[in-house]
Amino acid sequence: MTTALITGSTAGLGAAFARRLAARGHNLVLVARDTERLRKQATELHDRHGIEAEVLTADLATDEGIEAVATRLGDRHHPVDLLVNNAGFGNKGRYLEVPVADELRMLKVHCEAVLRLTTAAVEGMRERGRGGVINVASVAAFVPRGTYGASKAWVVQFTQGAARDVAADGVRLTALCPGFVRTEFHERAGMGTDNIPNWMWLDADKVVTAALDDFARGRTVSIPDPRYKALLGLTKLVPRNLLGGVSSTAGRKYGPGR
Ligand SMILES: NC(=O)c1ccc[n+]([C@@H]2O[C@H](COP(=O)([O-])OP(=O)(O)OC[C@H]3O[C@@H](n4cnc5c(N)ncnc54)[C@H](OP(=O)(O)O)[C@@H]3O)[C@@H](O)[C@H]2O)c1
């Protein structure tokens with residue numbers, strides 16, 4: 001039986017990864033900040049699927065939280081075969097409206113934690129000659145839109161580069177780039193979603209199924225829906241300097257409200 005560690009497992013995409021991987025018979029290490037919610041999730045997944053689910057409470061915006069998860073990933077006696085770096089959040093507001101401390105917290109969770117946890121996991125995977133990492137980015141990685149998009153662009157670039165470097169060692173990495181997904185993300189950030197048309201919303205379970213298929217096929221970037229593949233294809237036709245304007249106009253029209 002293999003083990004998967006999922007950060008941000010208690011809600012949204014992370015919870016969908018946990019459900020799907022448990023249904024496929026993987027043992028789980030569930031990571032988030034809310035211990036009670038983690039315990040309830042672990043019990044439900046154990047009872048429903050007969051798998052072992054460990055709970056690891058950690059705040060990935062802190063060094064202690066990142067270290068605790070990195071230590072678990074480095075445990076050679078209880079190897080982790082699949083790491084899903086999923087924990088993340090949005091900050092409401094444009095550049096200069098968001099306090100720099102909040103932007104730095106985002107970079108810590110989206111970039112520093114992803115770097116340190118991927119490294120902690122991949123070192124052991126390399127020795128064993130197998131394993132993988134799914135890093136949850138966003139389609140926001142492909143358009144110039146604030147710190148959120150910039151942090152997700154880092155996730156995509158980092159994952160693609162690392163995937164190339166460790167491919168010969170039997171380790172696989174995929175950056176997952178969903179569009180809008182119905183989760184707790186927007187509500188937690190205090191963003192209204194009334195402006196986002198229905199057709200732009202994706203279902204978390206479908207996104208995860210597509211992501212795991214792309215991961216199994218060895219794709220380093222997964223864009224899990226034809227609508228968003230088409231939209232991203234169009235962005236390639238627009239010059240980069242115009243794209244910022246187009247994306248911020250579209251973001252104001254269709255993106256999360258303020
Ligand atoms: N929803 C979308 O439209 C969308 C689109 C593209 C990409 N994404 C990305 O998908 C990922 C998951 O987002 P989601 O939409 O599923 O969000 P969500 O429903 O709000 O869930 C976020 C999860 O992350 C955990 N978390 C948040 N901050 C954390 C921290 N500092 N340390 C540890 N855990 C933390 C939360 O649990 P606790 O609060 O208990 O810690 C929760 O389990 C994120 O990386 C997000 O950027 C989302």
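Let's start at the ligand. Helix α1, residues 12–23, and helix α6, residues 185–188, each supply at least two residues of the shell around it. The largest share comes from α1, with three residues. One thing to keep in mind throughout: this is a predicted model.

How many residues surround the ligand? There are 30. The closest are Gly8, Gly12, Arg33, Gly88 and Phe185. Sorted by class, the shell has 14 nonpolar residues, ten polar ones and six charged ones.

Now step back to the whole chain. The protein chain has nine helices and seven strands. Its radius of gyration is 18 Å, close to the 18 Å that the globule rule gives for 258 residues, so the chain is as compact as a globular protein of that length. Along the principal axes, the C-alpha trace spans about 50 × 40 × 35 Å. Of the 258 residues, 39% are buried.

There is also a record to mention. UniProt, in an unreviewed entry, places the feature "domain: Ketoreductase" at residues 2–184. Over residues 2–184, the chain is 48% helix and 17% strand. The C-alpha atoms at the two ends of that stretch are 29 Å apart.

Next, the sheet. Seven strands form an open sheet, and the pairing is parallel. Read the order across with me: β3, β2, β1, β4, β5, β6, β7. Which strands are at the edges? They are β3 and β7, the latter at residues 221–222, and each pairs on one side only.

Let me zoom in on β2. This strand covers residues 27–32. Is β2 largely enclosed or open? Six of its six residues are buried, so β2 is largely enclosed by the rest of the structure. Look at the side directions. Asn27, Val29 and Val31 point one way. Leu28, Leu30 and Ala32 point the other way. All of these residues are buried.

Who are the neighbours of β2? Take β1 to begin with, residues 3–7. β1 and β2 pair in the parallel sense over five bridges. Within that pairing, isoleucine 6 stands opposite leucine 30 in β2. Threonine 7 has valine 31 of β2 as its bridge partner. The connection matters for tracing the chain: β1, α1 and β2 make a right-handed β-α-β unit. That is the α1 we met at the ligand, where it gives three residues to the shell.

Now the other neighbour, β3, residues 53–57. β2 and β3 also pair in the parallel sense, over five bridges. Leucine 28 stands opposite alanine 53 in β3. Alanine 32 stands opposite threonine 57 in β3. To get from β2 to β3, the chain crosses through helix α2, residues 35–49, and this β-α-β crossover is right-handed.

Let's move away from the sheet and look at some single residues. Find the loop between β4, residues 82–85, and α4, residues 100–128. Leucine 96 has its place there. What is its phi? Leucine 96 has a positive phi of about 80°, although it is not a glycine. Is leucine 96 buried or exposed? Leucine 96 is exposed, with 7 other C-beta atoms within 10 Å.

Proline 99 is found in the loop between β4 and α4 too. Proline 99 counts as exposed, with 11 C-beta neighbours inside 10 Å. Compare its position with threonine 71. These two are 28 residues apart in sequence, and 31 Å apart in space, C-alpha to C-alpha.

One last stop: lysine 229. Where is it found? Lysine 229 is in helix α8, residues 226–235. Lysine 229 is partly exposed, with 13 other C-beta atoms within 10 Å. Proline 178 is 51 residues away from lysine 229 along the chain, and their C-alpha atoms are separated by 9.9 Å.

To recap. The ligand has 30 residues around it. The sheet is open, parallel and made of seven strands. Strand β2 is largely enclosed by the rest of the structure. Thanks, and over to you.

Methods: Residues are numbered from 1 along each chain as its sequence is written. This is a predicted model: local features need pLDDT of at least 70, side-chain atom pairs count only at pLDDT 80 or more; totals for chains, interfaces and linings use all residues. A residue is near a molecule or strand if its C-beta atom, placed from the backbone, lies within 6 Å of it. Helices (H or I, at least four residues) and strands (E, at least two) are DSSP runs, numbered from the N terminus. Ala, Val, Leu, Ile, Met, Phe, Trp, Tyr, Cys and Pro count as nonpolar, Asp, Glu, Lys and Arg as charged, and the others, Gly among them, as polar. A residue is buried if 20 or more other C-beta atoms lie within 10 Å of its own, exposed if 12 or fewer, and partly exposed in between; C-beta atoms are placed from the backbone. Two strands pair if DSSP finds at least two bridges between them. A crossover is right-handed if, with the strands pointing away from the viewer, the path from the first strand over the helix to the second runs clockwise. UniProt positions are given in the numbering used here, feature names are shortened, and annotations may be inferred rather than shown by experiment. The radius of gyration is taken over C-alpha atoms; the globule rule is 2.2 Å times the number of residues to the power 0.38.
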